[in-house]
Amino acid sequence: MDPLDAVWHLGNLFLPAWGVAALMAVALKLIWREAVSGMSWRTLALWGGLGGTLGVAAALMLTGGDGTMAGYGLMLLGVTAAQWGVSWKR
C-alpha cells in the first residue's frame, strides 16, 4: 500500500464520523435553537467529530475491524455524547 492509499483508507475510516457530526450539528441548530443559541455549528461539529473518532477507534480496538453494527453504534454514541456534553455545559 502506498502513502496515498493509506490516506484514502484513513479518510474513509473517519469520514462517516465527521459527516454524521456535521449533520447532527445542523439538526441541533435547527431543532433546539434556544439550547445551543450561543454556539456555532462548527463548534458542535468539531466536538461531535472528535467524539465519533474516539468511538471509531474504540470499535477498532473492541471488534478488531471496521464496518460492524457495534462499531457504528459506538461512533454514534461518541458523536451524541460529545455534542450533548458541549451543549449541556451552556
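W88 sits out in the open: its relative accessibility is 62%, so it counts as exposed, the cut-off being over 50%. Keep in mind that this is a predicted model. W88 also has a stacking partner, W84, and the surface carries a nonpolar patch that includes another tryptophan, W41.

**The tryptophan pair**
- Searching the whole structure turns up 1 aromatic pair.
- That pair is W84 with W88, and it's stacked, with 5.5 Å centre to centre and 15 degrees between the planes.
- Helix α3 (residues 69-89) holds both W84 and W88; they are 4 residues apart, or about one turn of the helix.
- W84 is exposed as well, because its relative accessibility comes to 53% and the cut-off is over 50%.

**The nonpolar patch**
- On the surface, V26, L30, I31, W32 and W41 make up a nonpolar patch, and together they offer about 540 Å² of accessible area.
- Helix α1 (residues 3-31) puts in the largest share of that patch, with 3 residues.
- W41 belongs to helix α2 (residues 41-63).
- W41 has a relative accessible area of 41%, so it's classed as partly exposed, between the 20% and 50% cut-offs.

**How far to trust the coordinates**
- Mean pLDDT for the protein chain is 92, and 98% of the residues score at least 70.
- Of the chain's elements, α2 has the highest mean pLDDT at 95, while α3, home of the W84 and W88 pair, has the lowest at 92.
- As a rule, predicted coordinates shouldn't be read in detail where pLDDT is low.

Key: Residues numbered from 1 in each chain as written. Predicted model: local features only at pLDDT ≥ 70, side-chain atom pairs only at ≥ 80, totals over all residues. Heavy atoms only, no water. Phe/Tyr/Trp six-rings, centres within 6.5 Å; stacked < 30°, edge-to-face > 60°. Helix = DSSP H or I, 4+ residues; strand = E, 2+ residues; numbered from the N terminus. Buried < 20%, exposed > 50% of the residue type's maximum accessible area, 1.4 Å probe, protein only. Patch = residues over 30% accessible without salt bridge, like charges linked within 9 Å, V, L, I, M, F, W, Y side chains within 5 Å. Areas by Shrake-Rupley, 256 points an atom, 1.4 Å probe, with all protein chains shown as cover. Salt bridge = Lys/Arg side-chain N within 4 Å of Asp/Glu carboxyl O. pLDDT = per-residue confidence, 0-100.
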